[in-house]
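Reader: Could you walk me through this fold? I'd like the cut-offs along with the answers.

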Amino acid sequence: MAVPSGPLNGTDVTVFSGSNEIIAFGTSCTVNITQEPRDRTHKASGGWRKLTEGLRSWTIDIEGLYAWADASGSVLTNGVDDIFTSYITPDRTARGELTVKFGTNDSDTGDTYYSGTIWVNSISLSAGTEDNATYSLSGEGDGVLSVTVA
């Protein structure tokens with residue numbers, strides 16, 4: 001496996017659904033990992049706060065162009081429209097978890113990605129006059145964020 005030298009081109013880092021389909025027309029994505037340290041201050045710490053590891057969590061934010069079909073005219077599957085529709089339905093069972101992968105998918109450099117399951121916290125669609133229709137999706141990780149290097 002050849003490993004690229006220098007900074008990665010952001011275009012090569014994308015978000016995939018659990019079925020390895022690129023999430024429709026994504027333009028940017030951010031994965032955040034946080035940790036909530038636990039306080040372990042005691043009387044002998046000289047009035048200074050002492051911390052130790054705590055719960056870790058992660059979130060993902062995706063932005064992109066909103067579309068119903070790809071360039072060939074085929075209806076997008078697992079696209080933003082499907083996610084949006086599933087969350088506005090009265091059927092609670094349709095509002096489930098979403099598996100995502102964030103990383104590269106390049107046969108020359110190997111596949112490297114972070115993956116996990118999210119619950120969608122928010123999804124919004126925007127459309128300005130004579131402008132691209134866009135979407136924003138924010139999700140909170142449910143469990144482990146794993147890394148895979150192939």
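Author: Sure, one term up front: a nonpolar core is a set of buried Ala, Val, Leu, Ile, Met, Phe, Trp, Tyr and Cys residues joined through side-chain atoms within 4.5 Å, and buried means under 20% relative accessible area with a 1.4 Å probe, protein chains only. The model is predicted, so local features need pLDDT of at least 70 and side-chain atom pairs 80 or more, while totals for chains, interfaces and linings use all residues. Numbering starts from 1 along each chain as its sequence is written, and side-chain values use heavy atoms, without hydrogens or water.

Reader: Which residues have the most contacts inside the largest nonpolar core?

Author: That core has 14 residues. β3, α1, β4, β5 and β6 each supply at least two of them; strands here are DSSP E runs of at least two residues, helices H or I runs of at least four, numbered from the N terminus. The ones with the most contacts inside it are I60, V100, I118, V120 and L137.

Reader: Which residue stands opposite L137 in the strand pairing?

Author: β3 (residues 51-65) and β6 (residues 133-141) pair in the antiparallel sense over seven bridges; pairing takes at least two DSSP bridges. L137 also has I60, I83 and I118 among its contacts beyond four places in sequence, contact being heavy atoms within 4.5 Å. Opposite L137 stands I62.

Reader: Why do the buried residues of α1 lie on the same side?

Author: In α1 (residues 80-88), the buried ones are V80, I83 and S86. They sit on the same side because the arc they cover around the axis, taken from the directions to the C-beta atoms, is only 130 degrees.

Technical notes. Buried < 20%, exposed > 50% of the residue type's maximum accessible area, 1.4 Å probe, protein only.
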